[in-house]
Amino acid sequence: MKDKSLTFKLKCRMKELDALHRKITEFGRRTGLPAKSVLEINLALDELFTNLVSYGCAEGNEHFVRFSITLKADDLFIKMEDTGTAFNPLACIPPDLTCCLTERAIGGMGIHLVRHVMNHLAYRRCGKVNILEMKKCLAGLACGEGPKLPAGMKKTSAD
Amino acid sequence: MKLTETKQSDIVIFRIQGRLDSNTSTAFEDKIFSAIKAGAKKVLLDFSDLEYISSAGLRIILKATKDLKRTEGHLVLCAMQDYVKEVFEISGFDTFLPIMPSVGEGIQAFESFIASH
């Protein structure tokens with residue numbers, strides 16, 4: 001795969017979710033990413049964007065988010081920068097996936113999905129900007145396959 | 001997202017096509033909870049044309065399952081595409097939700113719920 005990159009900026013409004021989906025799908029098509037990887041990247045960025053719009057944007061202020069996606073050989077690097085409220089997704093308590101239906105809560109599920117589909121996550125706050133860097137390994141993937149690394153292999157760091 | 005609601009005997013069937021995300025989940029939420037409020041106790045979700053689901057969709061399914069359990073009702077999910085099924089597996093929802101390979105087997109599943117009571 002050749003090196004390819006894409007940078008785009010969105011307003012922090014839920015209706016922009018469709019634009020996010022379109023841009024990632026088009027990038028995946030252009031760079032020949034496996035369909036399953038495109039769906040997983042869509043899922044991770046959807047969850048992070050939805051979180052930001054739902055909880056990270058104070059009313060009255062216009063917030064923006066910028067996504068920078070770079071494909072280098074078989075690794076995909078994604079950087080998400082937003083001007084929302086300081087939020088470190090890596091500090092979220094993972095949901096209890098073993099409890100019964102009645103005790104089951106949906107909180108934290110979005111970040112759990114992000115952690116699962118990405119191989120590396122690192123967060124830092126720079127001034128008034130949240131910066132989340134992600135890496136997804138595509139090596140050895142055929143169409144319709146995805147990485148299955150145990151959770152312990154996901155290196156994370158935060159300020 | 002396109003949502004179709006039909007009824008087969010006392011089973012309410014929702015066929016969901018396209019994407020179930022934060023933008024589209026409200027329409028789905030309104031329809032499924034209207035059916036439950038109207039007394040539906042057997043709800044089947046036909047996912048054969050569902051291409052994508054995020055935690056926004058999972059949230060509604062969890063809430064609907066809990067609401068139906070309170071009235072001794074049941075929710076059955078059918079005909080998931082591989083990627084959608086993977087999201088249910090990652091979230092652990094496959095451990096407490098009946099997921100059937102086809103709509104026909106989903107309809108039959110309600111019979112086994114009745115037999116087990």
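In this predicted model, S9(B) sits in the loop that links β1 (2-8) to β2 (11-20) of chain B. The phi of S9(B) is near 60°, a positive value in a residue other than glycine. S9(B) counts as exposed, because it has 7 C-beta neighbours inside 10 Å, and a residue with 12 or fewer is placed in that class. A second residue of chain B invites comparison: A79(B), in the loop between β5 (74-78) and α3 of chain B, is not a glycine either, and its phi is positive at about 55°. A79(B), however, has 21 C-beta neighbours inside 10 Å and therefore counts as buried, the threshold for that class being 20 or more.

These two loops belong to a chain whose secondary structure comes to four helices and six strands, and whose elements, read from the N terminus, run β-β-α-β-β-α-β-α-β-α. The radius of gyration of chain B is 13 Å, close to the 13 Å that the globule rule gives for 117 residues, so chain B is as compact as a globular protein of that length. Taken along the principal axes, the C-alpha atoms of chain B fill a box of roughly 35 × 25 × 25 Å. Of the 117 residues in chain B, 39% are buried. When contacts in chain B between residues at least 6 apart in sequence are considered, 69% of them join residues at least 24 apart.

Chain A can be described in the same terms. Its secondary structure comes to three helices and six strands, following the pattern β-α-α-β-β-α-β-β-β along the sequence. Buried residues account for 31% of the 159 residues in chain A, and residues 24 or more positions apart make up 70% of the contacts in chain A with a separation of 6 or more.

Where the chains meet, 19 residues of chain B are in contact with 22 residues of chain A. On the side of chain B that touches chain A, the elements giving two or more residues are α2 and α3 (82-90) of chain B, and α2(B) gives the most, with eight residues. By class, that side of chain B has eight nonpolar, seven polar and four charged residues.

The helix α2(B) deserves a closer look. At 1.5 Å a residue, the 16 residues of this helix (residues 55-70) should span 22 Å, and the end C-alpha atoms are 23 Å apart, which agrees with that expectation. The buried residues of α2(B) are S55(B), A56(B), G57(B), L58(B), I60(B), I61(B), L62(B), A64(B) and T65(B). After α2(B) comes E72(B), whose phi is positive, near 60°.

In the other helix, α3(B), the buried residues include Y83(B), V84(B), E86(B) and V87(B). These residues cover an arc of only 155° around the axis, which means that they lie on the same side of α3(B). An α-helix has 3.6 residues a turn, so residues three or four places apart point the same way. The cover over the buried residues of α3(B) includes α2 and α3 (109-117) of chain A, together with β4 (50-53) of chain B. After α3(B) comes G92(B), with a positive phi near 80°.

From the side of chain A, one residue to follow is G110(A), which has its place in helix α3 of chain A. G110(A) counts as buried because it has 27 C-beta neighbours inside 10 Å. Leaving aside neighbours within four places in sequence, G110(A) is in contact with E47(A), T50(A) and N51(A), and also with S55(B), a residue listed among the buried residues of α2(B). The C-alpha atoms of G110(A) and M14(A), 96 residues apart along the chain, are separated by 15 Å.

The nonpolar interior brings both chains together again. In the largest nonpolar core, which has 63 residues, those touching the most other members are A44(A), L45(A), L48(A), F49(A), F47(B) and C78(B). Helix α2 (residues 35-55) of chain A gives the most to this core, with nine residues. As for C78(B), once its neighbours within four places in sequence are left aside, its contacts are L44(B), L45(B), D46(B), F47(B), M100(B), S102(B), V103(B) and G106(B); one of these, F47(B), is itself among the core residues that touch the most other members.

Terms used
Residues are numbered from 1 along each chain as its sequence is written. Chains are lettered from A and ligands numbered from 1 in the order in which they are written. This is a predicted model: local features need pLDDT of at least 70, side-chain atom pairs count only at pLDDT 80 or more; totals for chains, interfaces and linings use all residues. The expected span of a helix is 1.5 Å times one less than its number of residues. Two residues are in contact if their C-beta atoms, placed from the backbone, lie within 7 Å. Ala, Val, Leu, Ile, Met, Phe, Trp, Tyr, Cys and Pro count as nonpolar, Asp, Glu, Lys and Arg as charged, and the others, Gly among them, as polar. The radius of gyration is taken over C-alpha atoms; the globule rule is 2.2 Å times the number of residues to the power 0.38. A nonpolar core is a set of buried Ala, Val, Leu, Ile, Met, Phe, Trp, Tyr and Cys residues joined through C-beta atoms within 7 Å. The arc is that of the directions from the helix axis to the C-beta atoms.
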